[in-house]
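Me: Please take a close look at one single part of this model, a pair of elements that meet, and place it in its surroundings. I am new to this structure, so please explain each term where it comes up.

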Amino acid sequence: MRRLIARRLLFGLLTLFLVSVVIFAATEILPGNAARAVLGRDATQAALTAMEKKLHLDRPLTTQYALWLGGVLTGNPGTSLVNGENVMAEVMPRVKNSLTLLVLAGVFGLPLSVLAGILAASRPGGVFDNGVSVTALGLAATPEFVVGLLTIIVFATSVFRWLPPVSLVAPGSSVFARPEILVLPVLTLVLVIFPYLFRMIRGSMVEILQSDYVEMARLKGVSSTRIIFVHALPNAVAPSIQVMALTFAYLAGGVVLVEYVFAYPGIGQSLVYAIFARDVPVIQFEVVLLSAFYVGLNILADVATVLVTPKLRAGAWQTP
Amino acid sequence: MSRPLSGVVARMLRLRSGGVGLVLVLVVVLTAFVGPFVAPHSSTAFVGMAFAHPSPRYPFGTDVLGRDTLSRVLSGGWRILVMSMVATVLGVSTGAMFGITAGYSKGVTDDAIMRTADVLMAFPQLILALLFISLIGPKLWLVTVLVGAIHAPQVARVFRGATLRVAAEDFVRHAESLGIATWRIVLREILPNVTTPLMVELGLRLAYSVTLIAGLSFLGFGVQPPTADWGSMINENRIGLMASPWPVLIPILLIALMTIGMNLLTDDLARLMQGRGRRADTAPLDDAPSAAGPEMMVTGGALR
């Protein structure tokens, strides 16, 4: 089992390394000199040369890559081309804001989907099951930015006017200063992750509730609450851990769109603006961070699978 | 919950979901492709005040610059759909080619192809697509190719699994023992037996392509203004949501109807082909890798 996990970690690190090479190579090889981008079109040759030296553009590409990677790893990914601020200082508050969204989405989304899954599985084919299953199917097929915009139209602008339609935050202040701005982005993310988790829990619960050991417990006279929460649920949650991790990994991309919909000051919105401004150091660093998040959760999903699958725990798995 | 209510729900569910899906898809496709010819006004002409309310002359009101919302909706769909179709065909054919090659050749070729697919799938694809678009610019061909590239490794995995199963069949073994050329076996024996995953992948991938391309266009990385486009319409008109929801609501509804309809249709098609197919265990997606991302789980069969 250790070897499996170690191999998986190694594969993850290798992937991250490749991602960093791709990001660096793509941003460096393509036309457009960073020094000229900083100084503008009218820059003198002397100023350009000086700036190139400052940005290490006069060194060979491999040295530039090593310097950049070293900077990223030591928490010094350079300065923004747009406002000359330290990229780290720019990006970190936004990372915190995005994580706030994801954590809240998890805190509300996980129990909700598990509960709905249990209720649906306890009477498969019943009204509740059919209703929620159809809703989940529709939600799963709807793009996340459409879900976000629909919540705005329903709860903020056109049907009700209960909540702010955009999550504007004064620079430097916390998103918790106005907690109401969090409601719609979190609701959107909950609606995005709900269908996958719900279906996973429902599916495994239906199967488990038909199993012999549950039948046995029933015959023994164990209460149905106890059967569901003590006997069945732990076995249904174990296989769902992988789906949970993958769903959150998927949000590495989804959060870009959702934050953009609400103008929420997170890393996703910042990435879109950096792309418009061609702020290469910011783009590079944010893509690295989002990739690390994605790769990390994928590893977590696989490790969780190894841990909850007895056959794999014994180390009988072949392909990574 | 009373009995009659549950009876109504049950009757509604007995409606074939594929039929509903087909109708939804047809509505959107017709709107997109016939729309440009029947639009009452020019999609770029200024006809009135910004965000005017619906009126008999302008049934969905006007947009941020005072253009007719209905005309822009009718003219703004075909590019997204054409790009999605091209990206889907590109991604599925590339993926199928590599997947079948990997599954039938086994050994080193298989390893080389599938390990590459693993690495590609370990990348956060949307983020990397954004990176390339930021460097090269929001070119429509680039968006189409990138979306196709996102599909290819995931499709390859599905086809490798399907091919492995078919390749173990007696009729393939027989053809091999007769010394028939490999390309002939692939074309005449393997390909006809992986049509179920082919149809399912084409359907699901089309829905996913629309999601991605409309999303990128919403972010500003697709069709550029002033050309009408469902994705960019959403973006340019959302500042006026308080005044008039229509210029945003109609495009997002059309996008959602397309993706939901395509999913329903594919789901039902997969079930039909599975029931009729010669082998139950060439079922589509039964080896859909979890790493392919949550969108793969769309065919969960919730309407079964």
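Reply:
**From the chains to one helix pair**

From the start of its sequence to the end, chain B follows the pattern α-α-α-α-α-α-α-α-α-α-α-α, which amounts to twelve helices and zero strands (helices are DSSP runs of H or I with at least four residues, strands are runs of E with at least two, and numbering starts at the N terminus). This is a predicted model, in which local features need pLDDT of at least 70 and side-chain atom pairs count only at pLDDT 80 or more, while totals for chains, interfaces and linings use all residues. Residues are numbered from 1 along each chain as its sequence is written, and chains are lettered from A and ligands numbered from 1 in the order in which they are written.

Chain A, which holds the part to be examined, has 13 helices and zero strands, and its C-alpha trace spans about 85 × 55 × 30 Å along the principal axes. Of the 320 residues in chain A, 40% are buried (20 or more other C-beta atoms, placed from the backbone, within 10 Å of a residue's own; exposed means 12 or fewer, and partly exposed lies in between). In chain B, buried residues make up 51% of 304.

The close look falls on helix α6 of chain A, residues 127–141, and helix α8 of chain A, residues 180–209, whose axes come within 9 Å and cross at roughly 130° (axes are lines fitted to C-alpha atoms, for helices over the stretch in contact, with angles from 0 to 180 degrees between N-to-C directions). At that angle α6(A) and α8(A) are therefore oblique to each other (under 35 degrees is roughly parallel, over 145 roughly antiparallel, 65 to 115 roughly perpendicular, and the rest oblique). From α6(A), the residues V132(A), A136(A), L139(A) and A140(A) take part, and they meet L191(A), F194(A), P195(A), Y196(A), F198(A) and R199(A) of α8(A) (contact means C-beta atoms, placed from the backbone, within 7 Å). By class, this meeting of α6(A) and α8(A) brings together nine nonpolar residues, no polar ones and one charged (Ala, Val, Leu, Ile, Met, Phe, Trp, Tyr, Cys and Pro count as nonpolar, Asp, Glu, Lys and Arg as charged, and the others, Gly among them, as polar).

The same helices also matter for the wider picture, since the contact between the chains takes 50 residues from chain A and 45 residues from chain B. Seven elements are not needed in full here, but those giving two or more residues to the side of chain A that touches chain B include α6 and α8 of chain A. To that side α6(A) gives the most, with ten residues, and by class the side has 34 nonpolar, 14 polar and two charged residues.

Within chain A, the assignment gives domain 1 (2–73) and domain 2 (91–318), with bounds from an automatic or database domain assignment. The C-alpha centres of domain 1 and domain 2 of chain A lie 33 Å apart, and 16 residues of domain 1 are in contact with 17 residues of domain 2. On the side of domain 1 of chain A that touches domain 2, the largest share, 13 residues, comes from α1(A).

Conventions
Two residues are in contact if their C-beta atoms, placed from the backbone, lie within 7 Å.
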